[in-house]
Amino acid sequence: MELVRQMTMQMVAANGIENFSVNSLAKACGISVATLYIYYKDKDDLITQVAIEEGNRLTSAILKDFDPDQSFETGLWQQWKSRSQYLMANPLSSSFIERIHMSSYGEKVGAAISSMFHDSMHRFVAGAVKRKELVPLPVEAWWSVAFAPLYNLLRFHHQGRSFAKKPFKLTDELLRQTFDVVVKALKP
């Protein structure tokens, strides 16, 4: 079923969920539609299961070596390194997860994978605010400042170009430079 998972991710990432069909997937995998229905009840179940599996892989990579009780700067840097390493090594995952997140599947998939991730991140942020290492902000604001720059750099990296259509490759130096600006913006 690894081929089914990979092809689902590839097709959704390339063409969007609205253009994804079980028939096209079966054809791309060289299997019958009936075979897919042995494992999945319908298109929604297939997309949801693949997204939850990939979301769990990403979450495991993000939380590996992460201690929610460490200092804000150390913990956030660990998050940046883990996320960038996983998503640079798995560009298909990055595109697929982004499509899922922006779709009607986002909430359902997020709920299925969120408890361990959200508990760790909540503890991390609450501890940083309590230790006065982080400006208290609504979660949406802190998340936007803390991670949007990283995800934009990763998007440029995956596209191979920046806004100016100049060639772009994310380097460790640029990652750290951007991170330092983000941390400065979030510190009291």
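The protein chain contains nine helices and zero strands, and, read along the sequence, these elements follow the pattern α-α-α-α-α-α-α-α-α. The description given here rests on a predicted model. Along its principal axes, the C-alpha trace of the protein chain spans about 60 × 40 × 25 Å.

With regard to packing, buried residues account for 42% of the 188 residues in the protein chain. When contacts between residues at least 6 apart in sequence are considered, 70% of them are found to join residues that lie at least 24 apart. The accessible surface of the protein chain amounts to about 10,600 Å², and carbon and sulfur atoms contribute 55% of that area. As for the charged side chains, the protein chain carries 22 positive and 19 negative charges, and the mean positions of these two sets are 5 Å apart.

At the level of individual residues, a nonpolar patch is formed on the surface by M1, I38 and Y39, which together present about 350 Å² of accessible area. Of these patch members, I38 is located in helix α3, an element that comprises residues 33-39. The relative accessibility of I38 is 65%, and this residue is therefore classed as exposed, given that the class requires a relative accessible area over 50%. I38 thus combines a place in helix α3 with membership of the nonpolar surface patch that also includes M1 and Y39.

Notes. Residues numbered from 1 in each chain as written. Predicted model: local features only at pLDDT ≥ 70, side-chain atom pairs only at ≥ 80, totals over all residues. Heavy atoms only, no water. Patch = residues over 30% accessible without salt bridge, like charges linked within 9 Å, V, L, I, M, F, W, Y side chains within 5 Å. Areas by Shrake-Rupley, 256 points an atom, 1.4 Å probe, with all protein chains shown as cover. Salt bridge = Lys/Arg side-chain N within 4 Å of Asp/Glu carboxyl O. Helix = DSSP H or I, 4+ residues; strand = E, 2+ residues; numbered from the N terminus. Buried < 20%, exposed > 50% of the residue type's maximum accessible area, 1.4 Å probe, protein only. Contact = heavy atoms within 4.5 Å. Lys, Arg positive; Asp, Glu negative; His and termini not counted. Charge placed at Lys NZ, Arg CZ, Asp CG, Glu CD.
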